[in-house]
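Work through the following exercises with the sequence and the 3D structure open beside you. Try each task before reading its solution.

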Amino acid sequence: MSFPPSHYLSKIKPFSFLSGKEIELLLDDMEVSFYKAGKTIFKKGKKINRLYFVREGKIGLISDKDLIEVVFEDELFGIEASLNGLPTEYTAKALEDSVCFELKADRVKNLISRNERFGEFFRKILSRKFYSLLKLYDENRVDDLYADSVINLARKSPVVIASHKSIRDAVRLMNLHKVGSVVVVDDGMRPLGIITHSDIVRFVNENISFDLAVKEVMSSPVEAVDSEASLMDAYLKFVSKAINHLPVVEDGRVVGLISSKDLISKIESHSSLLPLSKKVMRCKDIEELEGIFSEIKISIINMIESGFDYSSISTVVTSLVDMILKKIAEFRGIERKEISKNFVFTPIADFGRREPSFPIKLRFFVLVKDDLQPLLNEFYEDVRRVGIELEVNLCYGGEVDSFLRSCVNTSNALDFLDSRYLLGDGALYVRFREAVNSYLSNDLAILSLRKLLSELELSEYGNSVESLTSFVSDCAKSLSILLGDKTSRPTPERIKLLSGVIIPKNLAEDLREAYLALKKIELKIKLTGKDKFDDLVVKKSSGVIREMGQWVETNFLK
Amino acid sequence: MGGNELSEVIELETESEMESDLEKTEFCVIDLETTGLNPKKDEILAIALIPMTGMRIHAGKHYYTLIKPKKFRYKSIEFHGICPSDVSPAPAFEEVGKEVLELIEGKVLIGFATLFDIEFLKRSFKEKMKKKFSPERYADIAEIEAWLLRKKGIAITYRLDFDTIMKTYGISETTRHDALSDAYITARIFQKQISRLIDYNATIFDLVRIGRRLFYF
């Protein structure tokens, strides 16, 4: 007999993980209550023994007259209080005429202990592991596939060659073992370089004598991967360096070799980005780049749908966009020495710390010595044509300090903290960094924290996902400066470094989880659309961010 | 919802609210499947009961049973979908009658065309168990709905059907037309009707008067 409430719940996460029999158990003690708009469901500080599922209407969670959260249809509230037996941290009130399914906490607890996935859901909510919670619901679980270590997929007896042997010897070895590459090693099996099929083709084309020693022509230093590293690490190296072969090392010695083909054969459908990086390297003109850029977007959507985590996606996207920019610089001839010594092109802000958002909008700082304006303008035009939005801060060589000073009062004074070298003159970049480091003071950090808090409306539930993530990354920036760390880093890394030093460990861990979850949802909103489950994660995460805001306020601004 | 309205809701003091006796009344929502429409000839095939206290539906305490009739009428299968093979292992009315009575006793019976169900129960208790069954307090959600509409100034001369009332309250359940689902939907409708009755300061005596119905066709 199908009872409508069980039928209904069985379609909604996390209840969809329960068997029919388990749902019956849950419903055994369930009540369905109607609350008129304005009716209080429970008051703050009360103990409750039921979890509430909103079947219809809207419930407001209120603390000290502030509406801290709105719970919509198909969402749960009262989870923490009822499952932990703690007093509630808010008053729950119906904002509209509402109907709630009220589930007995001990029934839910019972199911948590007997149903793995259902249990995982609540354990992650209670321990505030939002990022892993988000992962739990990615159907494809691609990260499991990629979590395997490299050594399990690598060829165990790598073909190696001593550095004094000739190219001819290398070709013989490749033919004998039917492989596409040989690793050049020293006496201790330490990797020195690599020679691949495509190198051989190039040697023939360039009339290089096959009697030359391999050490003269090998690609060196060689990119290698640790045997304990995950397939994801290998994958990211393949994509970001546009290479096909990676020696696998253990304590510095070559113990195997993994090729992009090995990886593709294992995880076929998810590796569409692999050929893309090579396409960028090979491409001949801007039109081709335009096409590749739109393919990249599709691949990223695939990555999101396959359950890749945010850090991997951002690493891949950053390296691909870097490659495209370098390629355009090559087309425009601005990478030539006589031109490049006169400027430096530096990504700043989110792209500077390798955390791009969508649509890809790059903020740059360009320092020029000479008047390169017409040439640079052509470069910008090409970049925009490919589909990348650009915002350029242009500054003349002698004026870095005064330029930075003029930024103190602008809204994004700390954006320059995150920067990295991309194109142009290295010495100019160093000068820019020195100027940035001396201009970023503790006062500026405090000023920025104050501003951040005034923007984060502590009681509003209307904060967008984007404003939440930028609050976290800006907070982490300011706190890092206060700690004396002025290195450009991705936000999760910053939070890790601040954890236990400035930010209490628990809060830092929650914040990192919340940030990564929100970043992924931010991508989803822009590219594929989010679902009900994401809303839950956003709400729970914004709770952590509110907590962070209060913590900053009491510790730094009072 | 606009900002102002929202803050008004938050500020609303519920502490001083007068509690209506309707909020404490014990109800029992009932729905039957029968072999036909004539209580004199036809028999009960299924009984669903869902207890309520005020606006709380005790969903977990629902009761449902199929009943084996003495004479199965094949024509009715198209209405309820219950086949002879479904009811052949089911208990006879005599076996469940006592439990049903206990569940209903002392409660206000709520249903759609409640009087029809009561007639069937009356007959069954009388003929099969030699028991007198005549509940004093019951209400029909179609009658309550007609009353609520009249209060708004809309005169109702025809009988409101189940689907129309469901729509009025924005209830869309996909599973319908078995006794338990229909009883549940009836409970969901009644829940909201109570809330409106309270707005009109109606008491339990009013409800029984309003919800009473003299004919069941």
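Before starting, note that Ala, Val, Leu, Ile, Met, Phe, Trp, Tyr, Cys and Pro count as nonpolar, Asp, Glu, Lys and Arg as charged, and the others, Gly among them, as polar. The model used here is a predicted one.

**Exercise 1. Sort the residues that line the largest cavity by class, and find which helix gives the most to this lining.**

Step 1: List the lining, which consists of A:Tyr310, A:Pro356, A:Ser357, A:Phe358, A:Lys519, A:Glu522, A:Leu523 and A:Lys526, around a space of about 40 Å³.

Step 2: Apply the classes to this list, which yields 4 nonpolar, 1 polar and 3 charged residues.

Step 3: Look for the main contributor, which is helix α24 of chain A, covering residues 505-527 and giving 4 residues to the lining.

**Exercise 2. Describe the second largest cavity in the same manner, starting from its volume.**

Step 1: The structure holds 2 cavities of 30 Å³ or more, and the second largest has a volume of about 30 Å³.

Step 2: Its lining is made up of A:Glu69, A:Val71, A:Glu75, A:Leu76, A:Leu536, A:Lys539 and A:Lys540.

Step 3: Two or more of these residues come from each of β5 (66-71) and α25 (532-556) of chain A, and α25(A) gives the most, with 3 residues.

Step 4: Sorted by class, this lining has 3 nonpolar, no polar and 4 charged residues.

**Exercise 3. Why can strand β8 of chain A be called largely enclosed by the rest of the structure?**

Step 1: A residue is called buried when its relative accessible area is under 20%.

Step 2: In β8(A), residues 98-104, 7 of the 7 residues are buried, so the strand is largely enclosed by the rest of the structure.

Step 3: Check the two faces in turn: A:Ser98, A:Cys100, A:Glu102 and A:Lys104 are buried on one side, while A:Val99, A:Phe101 and A:Leu103 are buried on the other.

Step 4: Turn to the pairing of the strand, where β1 of chain A (residues 31-35) joins β8(A) in the antiparallel sense over 5 bridges, with A:Phe34 opposite A:Val99.

Step 5: Strand β3 of chain A (residues 50-56) also runs antiparallel to β8(A), joined by 6 bridges, and here A:Phe53 stands opposite A:Phe101.

**Exercise 4. How many residues does the largest nonpolar core have, and which have the most contacts inside it?**

Step 1: The core has 174 residues, and those with the most contacts inside it are A:Phe122, A:Ile258, A:Phe379, A:Met548 and B:Phe27.

Step 2: Take B:Phe27 as an example: leaving aside residues up to four places away in sequence, its contacts include B:Leu22, B:Ile50, B:Met52, B:Val108, B:Phe190 and B:Leu207.

Key
Residues numbered from 1 in each chain as written. Chains lettered and ligands numbered in written order. Predicted model: local features only at pLDDT ≥ 70, side-chain atom pairs only at ≥ 80, totals over all residues. Heavy atoms only, no water. Core = buried A, V, L, I, M, F, W, Y, C linked by side-chain atoms within 4.5 Å. Buried < 20%, exposed > 50% of the residue type's maximum accessible area, 1.4 Å probe, protein only. Contact = heavy atoms within 4.5 Å. 1 Å grid on protein atoms, 1.4 Å probe; cavity = no way out; pocket = protein on both sides within 12 Å on 5 of 7 lines; lining within 4 Å. Points joined across faces, edges and corners; volume = space filled by probe spheres on them. Pairing = 2+ DSSP bridges.
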